[in-house]
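Hi everyone, thanks for making time for this. I'd like to walk you through one structure, a piece at a time, so please keep the picture open while I talk.

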Amino acid sequence: MKSTTQQQKNILNTVIGALPDNRPITSLQLVEEFEKCPPNFQPINKTYDQDQDADLWREKMLIGKRTTRYLCQSKTEGLPDYIVETLRIINDKEVTPDGFSQLTRTADTEQKAWRKKQIVYRLTKKGSAKQAVTDIILCSRLRQAPEGFTLAGDLNGILVCFKTCPVPHRPPPSVPSKQAITELEKTIENLKLQANPTNNVQSQDYEYVQLRPSYQLSPKRAAPRHPMYSTGTLNIHTDVEGVPFVLNPALKHNTAALPVFYKAISVNMEYDFHLERQVLCTTKTSNAQNTNPFFQ
C-alpha cells in the first residue's frame, strides 16, 4: 500500500515538474556550491543546450581548489509583492544602472560574487510591473537566445537568457457617484424596514395573536397526573382523562337569559299512529295478531 502511494506521488511530482511554471521570479542568489542553495531556491547547475556544468566563474585552475559560482532563483522568497522585471550583464567595475540590484557576495560562503562581469536585475512592484521574468537559462554553446527567450548577455563564455511574460493588471474600480450612493442608502433602509416592521400600527385583522415578550408560556401549576386503568398487561390512559368538566367561573356570573328556540305545545306533541295502523292491517297474519299490539 505504501509503495503504491509513493509511486502515485512520484508520478504527480513528475507531471508537475514537466508543466511550465509561469510564476514570476521574486529573488536571485549566488552560491559557491550548488548543494548549499538557500531554502526555497533552485540552483541552475546545468546548461540548457549541452547539460554541462553551469559554473559562472569559469576560471581554469591547474593547482589548488577550484572556484565556482552558481546562480539560484526563487519564486516565493524576496521582498513581498516585488518581482524580477528584467536582467542585464555589466562589467565587474561598471556602476550599477539606476533601479537595478546586484549580488556582491555568495550566500553560502560570503565570498566575492563575480569575476570580470556580473548579473544585475531590476525589482519592481507587482502592481506596476509591465513584465515579469519567469525563467532563466544558461547556454554554453549557443550564440543566440533560443526561441521565446531574451538574451541578457555573455558572462565569461556563458550566455544568460531569460523568459518574460506580461503581468495582467485589473483596472481600479470606478468611484460611485453621489446619486448611486443615495440610491444604495435608500435600498438598504427599505431592506431594514422590511426585515424589522414597526409595531406601532395595530390591526384588528391579525390572523394570529401577538404575545408580549414577558408572557409566560409555561403553566403556573403542574398538570394533573393521568389516571390509568389496566387492560391485561398494559396500562392505558386517554388524553381527556383527568380533565375536570366544570363550568367556567366567568360564565356562572352571566345572568343574561338564553333565547327560546322552541316552545313545546301539548297539541303538537300528540300523535295517533293512524298511518301505521293502516299499514299493519294490510299485512295482517295470524302470527301478527298474536304479537302485534295494534290487534289486541
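**Rings, sheets and charges**

Okay, let's start with the rings: a search of the whole structure turns up two aromatic pairs. One of them is Phe34 with Tyr70, and that pair is edge-to-face, with 5.3 Å centre to centre and 75° between the planes. Just so you know, what we have here is a predicted model.

Where do Phe34 and Tyr70 sit along the chain? Phe34 is in the loop between strand 1 and strand 2, while Tyr70 belongs to strand 3, so the pair ties together parts that are 36 residues apart in sequence. As for how covered they are, Phe34 counts as partly exposed at 27% relative accessibility, whereas Tyr70 is buried, at 5%.

Then there's Tyr48 with Phe149. Their ring centres are 6.0 Å apart and the planes make an angle of 50°, so this pair is called tilted. It also links distant parts of the chain, 101 residues apart: Tyr48 is in the loop between strand 2 and strand 3, and Phe149 is in the loop between strand 7 and strand 8. Tyr48 is partly exposed, with a relative accessible area of 48%, but Phe149 is buried, with 14%.

Right, on to the sheets. Quick reminder: strands of a sheet pair through backbone hydrogen bonds, and they can be parallel or antiparallel.

Look for the open sheet of three strands in the order 4-6-5, which has antiparallel pairing. Which strands stand at its edges? Those are strand 4 and strand 5, each with a single partner strand, so one side of each has no neighbour in the sheet. On average, neighbouring strands here are turned by 35° against each other, direction ignored.

Let me zoom in on strand 4. Seven of its ten residues are buried, so strand 4 is largely enclosed by the rest of the structure. Nine bridges join strand 4 to strand 6, and the two run antiparallel. If you want a spot to click on, Asn91 stands opposite Lys117 in strand 6. On the other side of the order, strand 5 and strand 6 pair over three bridges, also in the antiparallel sense. There you can find Gln102 opposite Val120 of strand 6.

Strands 4 and 6 are joined by side chains too. Arg122 forms a salt bridge with Glu85, with the closest N and O atoms 3.3 Å apart. Arg122 lies in strand 6 and Glu85 in strand 4, so the salt bridge ties together parts that are 37 residues apart in sequence. Arg122 is partly exposed, at 29%, and Glu85 is buried, at 10%.

Now for another open sheet of three strands, this one in the order 7-9-8, again with antiparallel pairing. Strand 7 and strand 8 are at the edges with a single partner strand each, so each has one side left without a neighbour in the sheet. The twist averages 25° from one strand to the next. Strand 8 and strand 9 pair over five bridges, and Leu151 has Cys161 in strand 9 as its bridge partner.

Back to charges for a minute. How many salt bridges does the structure hold? There are eight. Three residues, Asp21, Arg23 and Lys75, are linked in a network of salt bridges. Asp21 meets Arg23 at 3.0 Å, N to O, and Lys75 meets Asp21 at 3.6 Å. Lys75 is in the loop between strand 3 and strand 4, and Asp21 is in the loop between helix 1 and strand 1, 54 residues apart. Is Lys75 buried or exposed? Lys75 counts as buried, because its relative accessibility is 17% and the cut-off for buried is under 20%. Asp21 is partly exposed at 35%, and so is Arg23 at 45%.

Two backbone spots are worth a look. Arg58 isn't a glycine, yet it has a positive phi of about 55°; you'll find Arg58 in the loop between strand 2 and strand 3. Glu110 also has a positive phi, near 60°, and sits in the loop between strand 5 and strand 6.

Last stop, the surface. Tyr271, Phe273, Leu275 and Val279 form a nonpolar patch there, with about 430 Å² of accessible area together. Leu275 is in helix 4, and it counts as exposed at 54% relative accessibility.

Conventions:
Residues are numbered from 1 along each chain as its sequence is written. This is a predicted model: local features need pLDDT of at least 70, side-chain atom pairs count only at pLDDT 80 or more; totals for chains, interfaces and linings use all residues. Side-chain values use heavy atoms; hydrogens and water are left out. Patches are made of residues with over 30% relative accessible area and no salt bridge: like charges are joined within 9 Å, nonpolar side chains (Val, Leu, Ile, Met, Phe, Trp, Tyr) within 5 Å. Accessible areas come from the Shrake-Rupley method with a 1.4 Å probe; for residues, only the protein chains shown count as cover. A salt bridge is a side-chain nitrogen of Lys or Arg within 4 Å of a carboxyl oxygen of Asp or Glu. Helices (H or I, at least four residues) and strands (E, at least two) are DSSP runs, numbered from the N terminus. Buried means under 20% relative accessible area, exposed over 50%, partly exposed in between (1.4 Å probe, protein chains only). Rings of Phe, Tyr and Trp (its six-membered ring) pair if their centres lie within 6.5 Å; planes under 30 degrees apart count as stacked, over 60 as edge-to-face and the rest as tilted. Two strands pair if DSSP finds at least two bridges between them. Axes are lines fitted to C-alpha atoms, for helices over the stretch in contact, and angles run from 0 to 180 degrees between N-to-C directions.
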